[in-house]
Amino acid sequence: MQFSIKLNFLMNITNTTNKELAEGISVDRSLISLLRNGKRKMPRNLEHIHHMASFFARRCSAEFQLHALAEMLGKPELRATTSPETLTEHIYHWMLGDTPVLERVLENINAPISEQSAPPAPPTIFPAVAQAGQTQFFYGNEEKREATRQIIHIVNSLNTGSAIYFISDVNLEWLFEDYQFMNEFSAALTSIFQKGFTLYHIMPSLNFMNRYVESLRYWLPIYASGQAKVYYYPRLRDNLYRRSIILIPGQCVQAATSIGDETDLITVNSTDPQLVNAYEKQFQQELALCRPALTSHHEPHNFNLCLRELLRCNSNVIHKAAKPSPYTLPRELLDPFIDQSAEPAWKENLQMHREDIDLFEEKLKHHKFIEICPLESPEDIRAGKVTFGVKFKTDEKHPLYTPKTYAAHLQHILELMDQYDNYHFVPINSTERQDYNLFTSESGLTLLLSNSYPPFMLEIRRPELSQACHEYLMRMADLVGYTGIQRTKNRMKIQELIQELRS
């Protein structure tokens, strides 16, 4: 979401004029006008943004304002009791971009459900499970949590390999308002999918992107495990009626509906075979209208097929990686690295990269390619601690950089920057998280590749989710800078490291 849209949203719900905001944060009124109509990008001076956040937080006291903020920020826990200081921080991070939300999500990228230990949860007293053929009704948020405990209890009693059908686009306050239940719910998810269940998940409509991305923290390990089939309905839906369905075929169903963003008033749990079968048929009919949203890959060969598609897409590409791309390695160095690779899968991976170098350079002639990457320290390179292409080290014979080869790689990056105006290398601080690589194109394809071993990749096809990832990386690139004088500074930083490695 563009900064201008966010600013206009905040000004509208607080009924703020350009003059009032300009005086409130001590800037010229014309700057506010330029920011609102998108002629000026987000201010580089983060103090201005923090002052804006504080200004809007002080003016958000009415219930309807906090409700609108909770929706837009994806923070259902925001209430009238939230302090202005806390509200300021929420607004500030949201105005900066999707970084805080996505970073919380990506914390789980290297924890596939099959390798996780179930988080500790408080003791749970399960409610009485409905008898076969019985339907029960639960009212309000507290009873909805009890209904969910009942479904969890039924699922845990089933054999490995069962399926779970899931849809939910309702208000999540029933989950977020009880921290103990959130821990219990998270532990239950881990335990269930460690048993080998398969999740068929239809994503909700993404009218409020941050809300869904926030909930990805719970689903990402399941998605990454390959035990989830994730879909989305490609057409627009009105936001009046919302529903949630949890269904275990042939066993039970939980269903709830609400109007707008109201809390579910009634939640229905049923083991009635006819009702369960009817909901299963309805789910299958909707699933037939959906498209794949996320696909998990665990074979390196498939990684390269996805990356090859990214190179072929007719749009700009930006990616953040822990190491410089193999595409930017000079050919005279790539061949020795291939020879040094003892692992067949990694050798095949490098060979496919070699085949795609021409495709990569052809893309640079027509489309922008931004590479965000930390530079290694000379000390680590000289000590033989820097592997080529990946963060992890799988065996003693995995290719390692030497000062000579790392300098040669950087030199070729400079040559690409000289030859192609569309190629940008953005060096970032080495303290930035390096446990994942994120590749995204403006055409709507995003690839999330872990740096764990063995690695896995999430192929993201949901347009709104892919756009959020693209905006996140563009914000990161913009903060460092990659055009004009900053492009020159980036080149100088690379040249300084080359000289230090060659001295």
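This is a short guided tour of the structure above, stop by stop.

**Before you start**

You are looking at a predicted model, in which local features need pLDDT of at least 70 and side-chain atom pairs count only at pLDDT 80 or more, while totals for chains, interfaces and linings use all residues. Residues are numbered from 1 along each chain as its sequence is written, and side-chain values use heavy atoms, with hydrogens and water left out.

**The whole chain**

Begin with the full protein chain in cartoon view: it has 20 helices and 14 strands. Helices (H or I, at least four residues) and strands (E, at least two) are DSSP runs, numbered from the N terminus. Of the 503 residues, 53% count as buried; buried means under 20% relative accessible area, exposed over 50%, and partly exposed in between, with a 1.4 Å probe and protein chains only. Now switch on the surface, which comes to about 22,600 Å² of accessible area, 51% of it belonging to carbon and sulfur atoms. Such areas come from the Shrake-Rupley method with a 1.4 Å probe, and for residues only the protein chains shown count as cover.

**Stop 1: two helices side by side**

Select residues 3–13 (α1) and 84–96 (α6); their axes come within 9 Å and cross at roughly 150 degrees. Axes here are lines fitted to C-alpha atoms, for helices over the stretch in contact, and angles run from 0 to 180 degrees between N-to-C directions. That angle makes α1 roughly antiparallel to α6, a label used for angles over 145 degrees. Show side chains next: Phe 3, Lys 6, Leu 7, Phe 9 and Leu 10 of α1 make the contact with Ile 91, Trp 94 and Met 95 of α6. Contact means heavy atoms within 4.5 Å.

**Stop 2: two loop residues**

Move along to Asn 15, in the loop between α1 and α2 (18–25). Its phi is near 55 degrees, a positive value in a residue other than glycine. Asn 15 counts as exposed, at 64% relative accessibility. Then pick Ser 26, in the loop between α2 and α3 (29–36). Ser 26 also has a positive phi, of about 60 degrees, although it is not a glycine, and it is exposed with a relative accessible area of 65%.

**Stop 3: β8 and its partners**

Select β8, residues 291–297. Strand β4 (residues 228–232) pairs with β8 in the antiparallel sense over three bridges; two strands pair if DSSP finds at least two bridges between them. Look for Tyr 232, whose bridge partner in β8 is Arg 291. Strand β14 (residues 457–460) also pairs with β8 in the antiparallel sense, over four bridges. Here His 297 stands opposite Met 457 in β14.

**Stop 4: a covered strand**

Which of its residues are buried in β11 (residues 423–428)? Six of six are, and the strand is mostly covered. Tyr 423, Phe 425 and Pro 427 point one way, while His 424, Val 426 and Ile 428 point the other way. In a regular strand the side chains alternate between the two faces of the sheet. Add β10 (residues 369–374), which runs parallel to β11 and is joined to it by six bridges. Cys 373 is the residue opposite Pro 427.

**Last stop: Asp 421**

Finish at Asp 421, in the loop between α18 (403–419) and β11. Asp 421 is exposed, with a relative accessible area of 62%. Draw a distance from its C-alpha atom to that of Thr 483: the two are separated by 9.6 Å, though they lie 62 residues apart along the chain.

Conventions. Angles under 35 degrees count as roughly parallel, over 145 as roughly antiparallel, 65 to 115 as roughly perpendicular and the rest as oblique.
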